[in-house]
Amino acid sequence: MALEFDLLGDPINPKRGEPGRNEHLPSAENANKVRTLLLSGLSLARIAEEMGISAPTLRKHYFQNGKINRSLAREMALAEARAKNLLQLQKAADAGNVSAMKEMRQILDREHQAELDARYRREAEAAGRAAPKGKKEITRAAAMQAEEELDTLFDNETRH
């Protein structure tokens with residue numbers, strides 16, 4: 001049976017006009033609203049309240065298997081939003097937008113660097129050596145070494 005749509009493009013419930021409560025029919029607009037509310041940090045109960053449906057109805061229509069792990073759903077929504085933004089950025093870059101091209105390059109460079117850092121840390125841990133230090137740690141270690149050298153130099157001069 002094909003769904004009919006109202007003037008706003010939302011599906012019309014086939015049981016419309018019959019006695020009893022009409023079943024909720026999910027729409028793409030409502031799915032986007034759920035994702036946005038989830039990303040904003042609202043609880044499932046609050047999202048359901050905003051949508052005008054119950055929490056079980058929310059789980060049934062917008063989350064797989066009717067069961068939800070809130071943190072996993074939030075991670076998935078973040079990944080989805082990030083992917084959507086990257087696709088829009090890529091589309092703008094393909095159209096010749098120089099700012100979009102530069103932003104894509106920066107994002108790709110950061111991702112590549114993060115991947116290399118993670119790989120290097122895994123290899124360092126597997127080899128049993130310490131993970132590489134950052135600039136601040138290197139500077140702090142050099143300062144401590146210089147201070148120790150000065151202390152030994154002063155100790156030697158005071159002994160003579």
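This is a short walk through the helices of one predicted model, stop by stop.

Before you click, note that residues count from 1 along each chain as its sequence is written, and that side-chain values use heavy atoms, with hydrogens and water left out. Because the model is predicted, local features need pLDDT of at least 70 and side-chain atom pairs count only at pLDDT 80 or more, while totals for chains, interfaces and linings use all residues.

**Whole chain**

Start with a cartoon of everything: you should find six helices and two strands. Helices here are DSSP runs of H or I with at least four residues, strands are runs of E with at least two, and both are numbered from the N terminus. Follow the chain and the order reads β-β-α-α-α-α-α-α. Of the 160 residues in the protein, 16% are buried (under 20% relative accessible area, with a 1.4 Å probe and protein chains only).

**H1 and H2**

Now select residues 28–39, helix H1, and residues 44–51, helix H2; their axes come within 10 Å and cross at roughly 140 degrees. An axis is a line fitted to C-alpha atoms, for helices over the stretch in contact, and angles run from 0 to 180 degrees between N-to-C directions. The crossing is right-handed (the near helix is turned clockwise from the far one by less than a right angle; anticlockwise would be left-handed). Show side chains for Asn30, Lys33, Val34, Leu37 and Leu38 on H1, then Leu44, Ile47, Glu50 and Met51 on H2: these make the contact, meaning heavy atoms within 4.5 Å.

**On to H3**

Keep H2 and add residues 55–62, helix H3. The axes of H2 and H3 come within 8 Å and cross at roughly 90 degrees, which makes the two helices roughly perpendicular (65 to 115 degrees). On the H2 side, pick Leu44, Ile47, Ala48 and Met51; on the H3 side, Ala55, Leu58, Arg59 and Tyr62. This contact has seven nonpolar residues, no polar ones and one charged. Here Ala, Val, Leu, Ile, Met, Phe, Trp, Tyr, Cys and Pro count as nonpolar, Asp, Glu, Lys and Arg as charged, and the others, Gly among them, as polar.

**H4**

Next, select residues 70–94, helix H4, and bring H1 back: their axes come within 9 Å and cross at roughly 110 degrees. H1 and H4 are therefore roughly perpendicular too, and this crossing is left-handed. Arg35, Leu38 and Leu39 of H1 meet Ala73, Arg74, Ala77, Leu78, Glu80 and Ala81 of H4. By class, that contact has six nonpolar, no polar and three charged residues.

Which residues of H4 are buried? Color Ala73, Ala77, Leu89 and Ala93 to see them. Those buried residues pack against H1 and helix H5, residues 98–127.

Finish just past the end of H4, at Gly96, whose phi is positive, near 105 degrees.

Key:
Angles under 35 degrees count as roughly parallel, over 145 as roughly antiparallel, 65 to 115 as roughly perpendicular and the rest as oblique. Buried means under 20% relative accessible area, exposed over 50%, partly exposed in between (1.4 Å probe, protein chains only).
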